[in-house]
Amino acid sequence: MRSARHLWHWQWLQLMNGLGPADAQGHYRRPPAAFAEALALPDDADAADAHVLIVGRSCPWAHRAWLVWALRQLQATITLVVVEPDPEEGRWRFSEPFEGCSTLAELYGRCGAPPGSRATVPVLYTRRRQQVVVGESARLIELLNRWPAGRDLDLDPPGQRAATAAWRERLQTSVNDGVYRCGFARSQAAYDSAEADLFETLDAAEQALAASGTSGSEPGWLSGPCPSLADVQLFPTLIRLELVYGPLFGVSRRPLWQFPALWQWRSRFHQLPGVADSCSPEAWRRDYFGALFPLHPSGIVPAGPALATLVGRCPLAPADAGSTPRTPG
Ligand SMILES: N[C@@H](CCC(=O)N[C@@H](CS)C(=O)NCC(=O)O)C(=O)O
């Protein structure tokens, strides 16, 4: 029995290598993205259908780009293409051939990605130059926020730039990557430090949001009175919390209903125009539980919870809190 356990543990470690690299202490280290450079706004940014935003439904990094695309109404100039996961092969494929490619890896190769680099979503692609414009979501959402938009909405509002930048940096490590650092940890100590960091940051976000709604004023957003890229970064992680990250990555110490201000914030953000359409809980569950074999070898997809139960009123909130959604712009 003991040798079977050791063998299985050893095999698990080999399989985890396929999910992502770790350091000697078992801390997950996210590999760098190809096409990661920040870029200037292309000169044909306002041309109809000249650019394509490639996303996958389950990917939280793609979700943030999808959100900026939806909130700023970029549909006229950027076409959204949703790729599907291929769990057997561990790659993204196009539903129908895109620029002659059937997989995202083919497109990356054709655009000159270094051999061996991961073909990740999100990607912004230019049809005219047949090139990837940018493949790193943090830079991509900044670019999309400067893109000529159907809706006059600045997600980096001047009055709260410093707070937005500080929150974005903290969230990226402690929350967005933080849930992966918990789920992909290969030692108890690596998990413990990632988990503590995650909940400390959620606590800080809870306090910031709770403070913004005091003295009778309407509750604000993470970095100030207007929604920003900080909110855009936080939402994809928090909307997946009870559905996948809690059960699969072991981040269930405090469920979100124990953070009433964050819960209300999540419900308000979900009500912003275009946000609900970017949420596919069935696809999230199917992709995470079905594809992350080393974490969930049975592949059995859990039944719930329903998204509708996560974006209503918080069980801990006062009766009138959060009843009025506030839309940006
Ligand atoms: N640094 C990238 C990470 C994106 C990323 O890891 N995307 C995952 C899906 S959640 C992916 O496409 N993985 C495919 C692979 O690793 O082959 C970004 O933020 O844009």
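A polar contact is a pair of N or O atoms within 3.5 Å. The exercises below use this cut-off on a predicted model.

**Exercise 1.** Find which side chains have an N or O atom in polar contact with the ligand, taking Arg118, Glu136 and Ser137 in turn.

*Solution.* Begin with Glu136, where an N or O atom of the side chain is 3.1 Å from a nitrogen atom of the ligand, and compare that distance with the limit of 3.5 Å. Next take Ser137, whose side chain places an N or O atom 2.6 Å from an oxygen atom of the ligand. Then turn to Arg118, which has a polar side-chain atom 3.0 Å from a ligand oxygen atom. With regard to cover, the ligand on its own has 510 Å² of accessible area, and the protein covers 84% of it. Finally, place these contacts in their surroundings: 14 residues surround the ligand, and Arg118 and Ser137 are among the closest, a list that also includes Cys59, Trp92 and Val121.

**Exercise 2.** Work out where the largest cavity lies with respect to domain 1 (51-146) and domain 2 (160-309).

*Solution.* Start with the search of the whole structure, which finds one cavity of 30 Å³ or more; the space in the largest cavity is about 30 Å³. Now list the lining, which consists of Pro60, Trp61, Arg64, Asn176, Gln233, Pro236 and Thr237. Sorted by class, these are three nonpolar, three polar and one charged residues. Among the helices, α2 (60-71) and α8 (229-238) each supply at least two of the lining residues. The last step concerns the domains: because domain 1 and domain 2 both give residues to the lining, the largest cavity lies between them.

Key. Residues are numbered from 1 along each chain as its sequence is written. This is a predicted model: local features need pLDDT of at least 70, side-chain atom pairs count only at pLDDT 80 or more; totals for chains, interfaces and linings use all residues. Side-chain values use heavy atoms; hydrogens and water are left out. On a 1 Å grid over the protein atoms alone, a cavity is a set of points where a 1.4 Å probe fits but cannot get out, and a pocket is an open set with protein on both sides within 12 Å along at least five of seven lines; lining residues have an atom within 4 Å of a point. Grid points are joined across faces, edges and corners, and a volume is the space filled by probe spheres set on the points. Helices (H or I, at least four residues) and strands (E, at least two) are DSSP runs, numbered from the N terminus. Ala, Val, Leu, Ile, Met, Phe, Trp, Tyr, Cys and Pro count as nonpolar, Asp, Glu, Lys and Arg as charged, and the others, Gly among them, as polar. Domain bounds come from an automatic or database domain assignment. A residue is near a molecule or strand if one of its heavy atoms lies within 4 Å of it. A polar contact is a pair of N or O atoms within 3.5 Å; within protein, one must be able to donate a hydrogen and the other to accept it, and residues adjacent in sequence count only if both atoms are side-chain atoms. Accessible areas come from the Shrake-Rupley method with a 1.4 Å probe; for residues, only the protein chains shown count as cover.
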